[in-house]
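Hello,

Here is the structure I promised to pass on to you. Please open it beside this email and look up each residue as you read.

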Amino acid sequence: MSEQRMKAVVGSRNPVKVRAVAKALAMYYPNAEIDCQGIDAPSQVPEQPMTSQQTRDGAVNRLRYCQQQQTADFYAAIEGGVDMFEDGPATFAYVAIANQQQLSVGRGANMPLPPSVYQALEQGEELGPLMDKLFNTQNIKQKGGAIGLLTNGLATREDNYVHAMLLALVQFAHPSLYQQ
């Protein structure tokens with residue numbers, strides 16, 4: 001197969017999110033030269049989404065903004081959020097990826113949050129800065145994230161994003177199976 005060029009626009013300049021999209025696309029399209037760029041895209045949800053629906057909406061809103069701004073082979077967005085679940089509070093991310101024809105939305109795994117952290121989030125704090133205070137780190141949201149800190153480095157925010165993006169991309173790998 002000949003080398004192909006692909007352009008992907010990500011609805012964030014956060015290097016963790018841009019790298020996650022680039023890595024997932026590179027796994028599905030190993031022969032492609034992928035140009036993956038992040039742009040500032042508004043989520044139109046609170047800075048710290050506190051429900052699954054807000055988090056999903058944030059990812060889709062960022063992706064739709066990218067589609068309006070640039071022409072690309074793929075558009076992607078990742079929104080991290082928190083919610084209260086049956087087993088307690090947790091953080092997770094929604095991922096959205098699209099080409100000109102279709103949109104696929106997926107979700108990363110839940111990571112349980114300490115009750116004190118969730119309570120601070122309910123008071124209006126944001127997860128990244130809160131974790132920086134708790135663990136005496138700086139700008140952790142552009143590094144391993146809360147996931148990296150709470151798992152003692154065994155998992156990272158980027159790992160979770162890549163995995164979620166790989167699962168969302170199945171619709172592009174097997175389009176005939178997903179056509180309505």
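Below is a tour of what turned up, from the aromatic rings to a few residues in loops and helices.

One thing to keep in mind is that this is a predicted model.

**The aromatic rings**

How many aromatic pairs does the structure hold? There are 4 of them. One is made by Phe74 and Phe172, which meet edge-to-face, with 5.3 Å from centre to centre and 80 degrees between the planes. Phe74 belongs to strand S3 (residues 74-85) and Phe172 to helix H7 (residues 170-173), so this pair ties together parts that lie 98 residues apart in sequence. Both partners are hidden from the surface by the 20% cut-off for buried residues: Phe74 has a relative accessible area of 6% and is buried, and Phe172 is buried too, at 9%.

A second pair to find is Phe85 with Phe92. This one is also edge-to-face, with the ring centres 5.7 Å apart and the planes at 75 degrees. Is Phe92 buried or exposed? Phe92 is buried, at 2% relative accessibility, while its partner Phe85 is partly exposed, at 25%. Phe92 has another neighbour worth a look: Arg107 lies over the face of its ring, 4.2 Å from the ring centre.

Now go back to Phe74 and Phe172 and add Tyr29 to your selection. Together, Tyr29, Phe74 and Phe172 form one aromatic cluster.

**The largest pocket**

Rolling a probe the size of a water molecule over the atoms shows where empty space is left. In this model, the largest pocket holds about 560 Å³ of space. Its lining is made of 29 residues, and those nearest the centre are Lys17, Gly80, Glu126, Lys141 and Arg157. By class, the lining comprises 9 nonpolar, 11 polar and 9 charged residues.

Which elements each supply at least two residues of that lining? They are S3, strand S4 (88-98), helix H4 (127-135), helix H5 (145-150) and helix H6 (157-168).

**Helix H4 and the loop after it**

Let's stay with H4 for a moment. Its buried residues are Leu127, Gly128, Leu130, Met131 and Asp132. What covers them includes S3, S4, helix H3 (115-122) and H5. An α-helix has 3.6 residues a turn, so residues three or four places apart point the same way. With that in mind, colour the buried residues of H4 and turn the helix slowly on your screen.

Just after H4 comes Asn136, with a positive phi of about 55 degrees. Asn136 sits in the loop between H4 and H5, and at 74% relative accessibility it is exposed.

Gln44 also has a positive phi, of about 60 degrees, although it is not a glycine. You will find Gln44 in the loop between strand S2 (32-38) and helix H2 (52-69). Gln44 is exposed, with a relative accessible area of 65%.

**Three residues in helices**

Asn61 is a handy link to that loop. It is found in helix H2 and is partly exposed, at 24% relative accessibility. Which residues does Asn61 contact, leaving aside neighbours within four places in sequence? They are Pro42, Ser43, Gln44 and Val45, so Gln44 appears here again as a contact of Asn61. Asn61 and Ala26 are 35 residues apart in sequence, and their C-alpha atoms are 24 Å apart in space.

Next is Ala22, in helix H1 (residues 15-28). Ala22 is partly exposed, with 23% relative accessible area. Apart from its neighbours within four places in sequence, Ala22 is in contact with Ile34 and Cys36. For a sense of scale, draw a line from Ala22 to Glu122: the two are 100 residues apart in sequence and 33 Å apart in space, C-alpha to C-alpha.

Last comes Glu158, in helix H6. Is this charged residue buried or exposed? At 8% relative accessibility, Glu158 counts as buried. Not counting residues up to four places away in sequence, Glu158 touches Val16, Arg19, Ala20 and Lys23.

Have fun exploring, and send me your questions as they come up.

Best wishes

Definitions and conventions: Residues are numbered from 1 along each chain as its sequence is written. This is a predicted model: local features need pLDDT of at least 70, side-chain atom pairs count only at pLDDT 80 or more; totals for chains, interfaces and linings use all residues. Side-chain values use heavy atoms; hydrogens and water are left out. Rings of Phe, Tyr and Trp (its six-membered ring) pair if their centres lie within 6.5 Å; planes under 30 degrees apart count as stacked, over 60 as edge-to-face and the rest as tilted. Helices (H or I, at least four residues) and strands (E, at least two) are DSSP runs, numbered from the N terminus. Buried means under 20% relative accessible area, exposed over 50%, partly exposed in between (1.4 Å probe, protein chains only). A charge sits over a ring if NZ of Lys or CZ of Arg is within 6 Å of the ring centre and within 35 degrees of the ring normal. On a 1 Å grid over the protein atoms alone, a cavity is a set of points where a 1.4 Å probe fits but cannot get out, and a pocket is an open set with protein on both sides within 12 Å along at least five of seven lines; lining residues have an atom within 4 Å of a point. Grid points are joined across faces, edges and corners, and a volume is the space filled by probe spheres set on the points. Ala, Val, Leu, Ile, Met, Phe, Trp, Tyr, Cys and Pro count as nonpolar, Asp, Glu, Lys and Arg as charged, and the others, Gly among them, as polar. Contact means heavy atoms within 4.5 Å.
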